[in-house]
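Here is a small set of exercises to work through with the model open beside you. Each one sets a task and then solves it step by step.

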Amino acid sequence: MALFEEIAGERIGGHRPWPRIVVGEDGWRAVAAELSAGRYALLGLWGDMGAAHMAVLVEPSAEIAVVTVECPQGRFPSVGALHPPAIRLERALRDLYGLDPSGLPDTRPWLDLGFWGVRHPLGDRTDPAPKPLAYAFLPTEGESLHQIPVGPVHAGIIEPGHFRFTANGETVVRLEQRLGYVHKGIESLMIGAPLDKAARLAGRTSGDSTVAYAFAFARAVEAALEIEPPARAAFLRALMAELERLANHFGDIGAICNDASFAMMHAQCGILRERVLRAADVCFGHRLMMDCVVPGGVGHDLPVAGVAHLHELLQDVRRVFPRLVDLYDNTASLQDRTATTGILPAELARQFGAGGYVGRASGRAFDARKRPGYAPYDQIDFDMAVFDRGDVNARVWVRIREVEQSLNLIEQILRRLPAGPISIAVRSEGRSGEGMGFVEGFRGDVLVWLRIEQGCVARCHLRDPSWFQWPLLEAVIEGNIVADFPLCNKSFNCSYSGHDL
Amino acid sequence: MRRTLFESLVRRPLTEAPPATDDAALAELAASLDRASRRRLGRSLSIREVDAGSCNGCELEIHALNNAFYDLERFGLRFVASPRHADVLMVTGPVTRNMREALERTYNATPDPKWVVGVGACAVDGGIFAGSYACCGRLSDVVPVDLYIPGCPPSPKALLSGLLTLLKSTEAS
C-alpha cells in the first residue's frame, strides 16, 4: 500500500477496510498540497469532536486513506485554501462543529441559515448569533446585468434550494447556489443511535438513492465490526442497486427531454420507470426498496414470483428502450437543445473528483463498482460508459449506456444468484470500531464513514456525490442561456437532501 | 416515433381505475369545507407541492401521479407552478427550520379557500427526523392541516386515494 506509506503519521487501529492516519498540521497541509497538485482526489472532509477528517483517493489504483488532524485550538489548516473543491465542505464543517479552517477563502456560512436556535450543533453548541445575517452573494460587475432569484420553493415538484442568476440579456454571467434548506440534522440524530435506527436514517439521506445509502452504511458497519454478509445477500443488494439505477436513469432521461419540451420521451420513460418500481415492489415489498438493505445482509429474500417478474421487465425494457434511444438520437430539435449545451471541461471534472455520469461524461473513468470495487461486482461484469464531450447530450448518453449495462447486470445476478441465507446476525453489543463504505449510487459514489462505540453509532458522516457536482453546475451554466438551465440542471440532477443532510 | 405513436393509439390505455376513497377521512374533511367553497371550486383542484425538508422519496411518488398509470389530470387535479394559482398545498418533510419561513410565505401566498395536505410520515409528526435541532417536526405546528396521507413514502395509489377523498368532499353538497 503505497498511499498510506506516503502520508507520515500515526496509523489508527480498528479502522477498516482502509487505513486512518493521524497527522500533524504539516502533514495535513502536505495532503492538501497533493490534492491541489492533482495527485489525490478528495472523497470527503468532515468534522468530529475536536478533529477534522478527510478521505482521499489515488487514481487509477483507487487506494483510499482517511487522514485526521486534531484541533486542540479549535482550528486546522484549510484544505480549501489550496484545493477549491474542499471549500463548501469546510464551510459546512465550520457551521456544524465550530472548528475554524484557518485560511478558508470563503467564510460565509453554508448550511446554517440562522434558524436553528443554536450554533455549532455538533460541537460546543453555543448560543445562536443575535439575528440571521444577510447573505452576501458574490458580486458581479458589468453593463446591463440583471439578477434572477429563484427558490427556495421552485416551480416544479422538486427539492428546495436558492439559485441566484446574474444574466446579460439571455446569457448567464454567473450562477450562485445557496443550499441548506433541507438540512435535517441527520448527523446529530446518528449520534447514539442503535444500528437499526441508524440504518433507516441513512436510507433517508436522499430518497432516490435509498438503496445506495443503505448499502454503503451496511458496508461501513460490517467493516467496523469485521463481519461478512452471506453471498446471496451481496447479490440481492446489487440487484436492488441496479433496479434503483434503472428507475432513476429512466426518470431523468425522460425529464431532461421534457425540459426541452419533448413530452413523448417523458411519458414513455415514465412508463418504464413505473414498471421498474412495480417490479421492485413485487420483489422486495417496497417500491423504492427502503430499509431492504440492512447491516448483516438484506431484509427481504427474492420471491419466486419476483424472478419471473424481473425477466418480464427485462424483456419489456429491451423491446421498448432501443426505440426510445433512436427517437432521442434522431430528433433534431431535441439534439439541438442537448448537444453542446452545458459543457463541463474534463479538467474541472478531474479536479473536483466528479462522480457518476457527471464525471464519466467528461472523461473521468471512475466507477466505485470497478475500483475500489466491492461484492458482488467483482464476480459480475459490466462496461463502464465514458464519454468526453461533457455536454448535456454526453450525460444523457452515459445514462443510456448504463441502462443497458444494468439490464445485463440484472440478468447475470439472476443467473448466478447463490442459494443460502440472506443475512447474518449483527452482534454489536459492547463492540467498537470504525468503518467506511463506498458504493456507486446512480448519481455517483456515496461515502459513509462511522465510528461504533459500545454497539451504537458514535459518529456517522454521509457524503453525497452532489457535494462535488453542485459547484460544477455553476461552472457549466456560464455563457449558456437562462432557458437552458433546466436542461443543464436536470442532466446533473444533484441531490439537495443528500447534500444538506 | 411513428411506431410509438401508433402503438399508443391502438393499444389499450395503461391508465388504471381509481382506488377507493377513504371514508373516515372523507367525513372528517366534509366538516372543514363549507358549501360556498365547494361551489366555487367545482370539480377541479390545483395543487402546489412544497418540499419542506423531505428526503425526496415523497416527491418521487408524487411525480408518479402524472405518469400514464395514474394520470392525475383525468380527475381535474393538476399541479401548478405558483401558490397563487393553487387551491391545495401538498407539503412533505419534517419542516426543517431552514424551510419554515418559505413554507409560511407559500401558505400566505395561496388564496382562500385553501387546503393543506400533509404527505408522508415526516409531515405527520416529524417521522424519523423528529427531535432534531434542525426540524420543527409536526406540520400542523406550522400551518393548519386538513388531510394527512401517511406512508414512507405513500404509494401513488395511496396519494391518489387521499386526493380523491379531498375532491369528493369538495363536491359533496
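Two residues are in contact if their C-beta atoms, placed from the backbone, lie within 7 Å. Keep in mind throughout that this is a predicted model.

**Exercise 1. Describe the contact of chain B with chain A: how many residues does it take from each chain?**

Step 1. Start with the count: the contact takes 40 residues from chain A and 39 residues from chain B.

Step 2. Next, look for the elements on the side of chain B that touches chain A. Those giving two or more residues are α1 (2-10), β1 (45-51), α4 (57-64) and α5 (97-109) of chain B.

Step 3. Now sort that side of chain B by residue class: 21 are nonpolar, twelve polar and six charged.

Step 4. For background, chain B has seven helices and five strands, in the order α-α-α-β-α-β-β-α-β-α-β-α along the sequence. Of its 173 residues, 46% count as buried. Among the contacts in chain B between residues at least 6 apart in sequence, 85% join residues at least 24 apart.

**Exercise 2. Work out which residues of helix α5 of chain A are buried, and on which side of α5(A) they lie.**

Step 1. In α5(A), residues 195-202, the buried residues are Leu195(A), Ala198(A), Ala199(A), Leu201(A) and Ala202(A).

Step 2. Check their directions: the arc around the axis is only 160°, so they sit on the same side of α5(A).

Step 3. Find what covers them. The cover includes the helices α4 (186-190) and α6 (210-225) of chain A, along with strands β12 (293-294), β15 (445-453) and β16 (456-463) of chain A.

**Exercise 3. Trace the open sheet that holds β15(A), and say which strands stand at its edges.**

Step 1. Four strands of chain A form this open sheet, in the order β2-β14-β15-β16, with mixed pairing.

Step 2. β2 (15-16) and β16 of chain A each have a single partner strand, so they stand at the edges and one side of each has no neighbour in the sheet.

Step 3. Take the pair at the β2(A) end: β2(A) and β14(A), residues 433-440, run parallel and are joined by two bridges. His15(A) has Glu434(A) as its bridge partner in β14(A).

Step 4. Add the helix: α6(A) lies across β2, β14, β15 and β16 of chain A, running at about 150° to β14(A).

**Exercise 4. Decide whether Asp445(A) is buried or exposed.**

Step 1. Locate the residue: Asp445(A) is in strand β15 of chain A.

Step 2. Apply the cut-off: a residue is buried if 20 or more other C-beta atoms lie within 10 Å of its own. Asp445(A) has 27 C-beta neighbours inside 10 Å, so Asp445(A) counts as buried.

Step 3. List its contacts, leaving aside neighbours within four places in sequence: Gly355(A), Ala368(A), Phe438(A), Glu440(A) and Pro465(A).

Step 4. Compare sequence with space: Asp445(A) and Ala212(A) are 233 residues apart in sequence, and their C-alpha atoms are 8.8 Å apart.

**Exercise 5. Characterise the packing of helices α7 and α16 of chain A.**

Step 1. The axes of α7(A), residues 231-259, and α16(A), residues 485-492, come within 8 Å and cross at roughly 175°. Because of that angle, α7(A) is roughly antiparallel to α16(A).

Step 2. Name the residues that meet: Asp252(A), Ala255(A), Ile256(A) and Asp259(A) from α7(A), with Pro486(A), Leu487(A), Lys490(A) and Ser491(A) from α16(A).

Step 3. Classify the residues of this contact: four are nonpolar, one is polar and three are charged.

Note on methods: Residues numbered from 1 in each chain as written. Chains lettered and ligands numbered in written order. Predicted model: local features only at pLDDT ≥ 70, side-chain atom pairs only at ≥ 80, totals over all residues. Buried ≥ 20, exposed ≤ 12 C-beta atoms within 10 Å, placed from the backbone. Arc of directions from axis to C-beta. Axes fitted to C-alpha atoms, helices over the stretch in contact; angles between N-to-C directions. Parallel < 35°, antiparallel > 145°, perpendicular 65-115°, else oblique. Nonpolar A, V, L, I, M, F, W, Y, C, P; charged D, E, K, R; others polar. Pairing = 2+ DSSP bridges.
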